[in-house]
Amino acid sequence: KTTILDISQNYISELHTSDILSLSKLRILVVSHNRIQYLDISVFKFNQELEYLDLSHNALGKISCHPTLNLKHLDLSFNPFDHLPICKEFVNMSQLEFLGLSATWLQKSSVLLIAPLHINKVLLVLGDTYGEEEDPESLHNLNTESLHIVFPRRKEFSFTLDVSVSTAVSLELSNIKCVLDDNGCSYFQDILSKLQKNSRLSNLTLNNIETTWNFFIMILQLVWPTSIEYFSITNVKLQGRPDLRYFDYSNTSLKALSIHHVVSDAFSLPQSYIYEILSNMNIQNFTVSDTHMVHMVCPSQISPFLYLDFSNNLLTDMVFKNCGNLVKLKTLNLQMNQLKELVSIVNMTKRMKSLQQLDISQNSLSYDENEGNCTWTGSLLNLNMSSNILTESVFRCLPPKIRKLDLHNNRIRSIPKPIMKLEALQELNVASNSLAHLPDCGTFSSLSVLIIDSNSISNPSADFFQSCQKIRSIRAGNNPFQCTCELREFVQSLGRVSHEVIEGWPDSYKCDYPENYKGTLLKDFHVSQLSCNTTLLLVTIGITMLVLTATVTTLCIYFDLPWYLRMVCQWTQTRRRARNIPLEEVQRTLQFHAFISYSGHDSAWVKSELLPNLEKEGIRICLHERSFVPGKSIVENIINCIEKSYKSIFVLSPNFVQSEWCHYELYFAHHNLFHEGFDNLILILLEPIPQYSIPSNYHKLKNLMAQRTYLQWPKEKSKHGLFWANLRASINIKLMEQAK
């Protein structure tokens, strides 16, 4: 299904039917710059849709033709053909629009074969040995609107070929070398003189000219009175110095003259003479670019110039100074010169009453607002001052009626306020500067196109589109956007605007800060309204606190927290009373060596093992069933027993963690530990307790078991004696310390 195939710039030497047999849909084939020496066009017999064939820049010396080929574009130029590669079958190519040919000898008979065809453009490349056997009239029967002839390179022009093809509207001649005959290169002069025979010819282009200054000026003089309207000269190398001769400007049809890329080997030239010839040309459009021209004088009389292009030269601020004869000029291009002071350019335009477009980009222009009055011509509508060294002060020196203003790639950091109102300004380009904010359209009430990409804008105002309601196109990408709350409203405002208005969206709009958002597209940057609105955040926090308070209150009631608070209050009151009792009285109130806390399910072990082994040594034990005072609450009895005992022994087992009262006893004993300031807890692990079996609210028990050493009841009877000895020793040692 391939329709376009480009295999140029390779080492292909042969082309066969089998190579392209399967490409039945092929329309365009480019095989230029290869090594093909012979081609039978019948290889394309199965490519019936082929209409564009480029075989230029090969090594073709011969071709054979196929009668069914009907191309629109056939290029056989820049090949070493001896004779024109024209077959009798070419006459069948009724759609042929372009034909490129190469030859060393031209024959009228070959041209007659394609005379019936009306070809839009013919390119004829003459071989290096062309001219040895020359028929001046060989091209008379050529039927084409545009003819381009490439003469042999590096060869003095000595050809008699008549190029004034009667049907040609456009003629282009390349490789003209005429430096030996300083009086005027008669051969080429004759060719130009014959052009007057073709009244249809209106476009003439000369490329790659090497000649003298005198003959260059003579070329201009010879073309001047012809029917040619558009004359272009490109890539010129000039020698010697021009003689001061009169130039006749009369009887011309010329509308536009373009001279590009001129090099001169002369160290010194009569520049005034050359400038006067150029400045006084009675044409409407004149271009002189890339010629190292350092100056241009004012025309001696009112000039018909409408368009002047002096770009890529060496012109200074003195150009057209105090010139009052360019009153008809509408467009002036001074791009890429040596202009430095904007005030000088402003003064230059004052007398150009019709000037509408001015390009002074790519210079070294600056503006100092203290330099004086800044009054442009009132007619200027389009001004390009890009790629200079202008600052924000330039906004105080602008044409009042300007519609299109280009200031990109300067040194502008802000658009100052107040500045003169530019109510007619429709398009503003301030890209590649150092602007930190989008402009306010209060100054630019008609602004519809804004280009402000590649600046330093981090937090653009969300009010921009409200201020600039006439904006139909904005390009603000490639800026260092800070993706914070301040940017949120701007991104939202972009969402309310058609994406056709925002050029480069979304790929050119990315976060630069903070680091975690860097590289994120603005369209993917989202931040909640809550985090950006302080008032809303405070209200939300307040409501959350109310809900949290209500939830906590409900949970407290559900888990009986008031009961715990009462217990703490009772404990605190008990401790306060204890502080008011003298130490001797406190010691006399201690009635037990140890208070034992255990689960009812473990009472058999307590009564059969623990009590007998401690009490036989005279240790007094406090048990709840025999020591609690009737009539008092359980909690009060627990607190009193702990207060009246030196130690609190807890018998730990899976049954213990299931007892709520054991938990209370541990809770109060733990409080007593911190208040007494000494270690009054003894933990006995009767049976192993799996961590998962301990309820989550028994956090004190978990902490104690993780942080404190406990006595473990051994299963082997041989170890029981050591267990009781350790237990009695811990109590006795403490009793001895208390006794001291």
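# Briefing on charge pairs, a surface patch and local packing

The place of Glu 369 is the loop that runs between β17 (357–359) and β18 (382–384). This is a predicted model. In it, Glu 369 belongs to a surface patch of negative charge, and a search of the whole structure finds 11 salt bridges. The points below cover the patch, three of the charge pairs, one helix and two loop residues.

**Negative patch**

- Glu 341, Asp 368, Glu 369 and Glu 371 gather on the surface as a patch of negative charge.
- Glu 369 has a relative accessible area of 39%, and therefore counts as partly exposed.
- Patch members must have over 30% relative accessible area and no salt bridge; the 39% of Glu 369 agrees with the area criterion.

**Salt bridges**

- Side chains of opposite charge can pair when their charged atoms come close.
- The whole structure holds 11 salt bridges, among them the pair formed by the side chains of Glu 51 and Arg 27, with an N to O distance of 3.2 Å.
- This pair links distant parts of the chain, its two residues being 24 residues apart. Glu 51 sits in the loop between β3 (38–40) and β4 (52–54), whereas Arg 27 sits in the loop between α1 (17–20) and β2 (28–30).
- Glu 51 is partly exposed, at a relative accessible area of 25%, and Arg 27 is likewise partly exposed, at 31% relative accessibility.
- The side chains of Asp 243 and Arg 245 form a salt bridge with an N to O distance of 3.4 Å. Asp 243 is partly exposed at 37% relative accessibility, and Arg 245 is partly exposed at 39%.
- Asp 524 and Lys 523 also meet through their side chains in a salt bridge, at 3.2 Å from N to O. Relative accessible area is 41% for Asp 524, which is partly exposed, and 39% for Lys 523, which is partly exposed too.

**Helix α5**

- Helix α5 spans residues 271–279, and its buried residues are Tyr 273, Ile 274, Tyr 275, Ile 277, Leu 278 and Ser 279.
- The cover over the buried residues of α5 includes the helix α4 (213–223) and the strand β14 (285–289).

**Val 327**

- Val 327 is found in the loop between β15 (307–309) and β16 (331–333).
- With a relative accessible area of 27%, Val 327 is partly exposed, because buried status requires a value under 20% and exposed status a value over 50%.
- Val 327 and Lys 353 are 26 residues apart along the chain, yet their C-alpha atoms are separated by 5.2 Å.
- Setting aside neighbours within four places in sequence, Val 327 is in contact with Ile 302, Arg 351, Lys 353 and Ser 354. Lys 353 thus appears both in this contact list and in the C-alpha pair with Val 327.

**Cys 397**

- Cys 397 lies in the loop that connects β18 and β19 (404–406).
- The relative accessible area of Cys 397 is 1%, so the residue is buried.
- When residues up to four places away in sequence are not counted, Cys 397 touches Leu 342, Val 346, Tyr 367, Cys 374 and Trp 376.
- Cys 397 and Thr 375 are 22 residues apart in sequence, with 7.7 Å between their C-alpha atoms.
- Strand β18 borders the loop of Cys 397 and also the loop of Glu 369; Cys 397 is buried, whereas Glu 369 is partly exposed.

Methods. Residues numbered from 1 in each chain as written. Predicted model: local features only at pLDDT ≥ 70, side-chain atom pairs only at ≥ 80, totals over all residues. Heavy atoms only, no water. Patch = residues over 30% accessible without salt bridge, like charges linked within 9 Å, V, L, I, M, F, W, Y side chains within 5 Å. Areas by Shrake-Rupley, 256 points an atom, 1.4 Å probe, with all protein chains shown as cover. Salt bridge = Lys/Arg side-chain N within 4 Å of Asp/Glu carboxyl O. Lys, Arg positive; Asp, Glu negative; His and termini not counted. Charge placed at Lys NZ, Arg CZ, Asp CG, Glu CD. Helix = DSSP H or I, 4+ residues; strand = E, 2+ residues; numbered from the N terminus. Buried < 20%, exposed > 50% of the residue type's maximum accessible area, 1.4 Å probe, protein only. Contact = heavy atoms within 4.5 Å.
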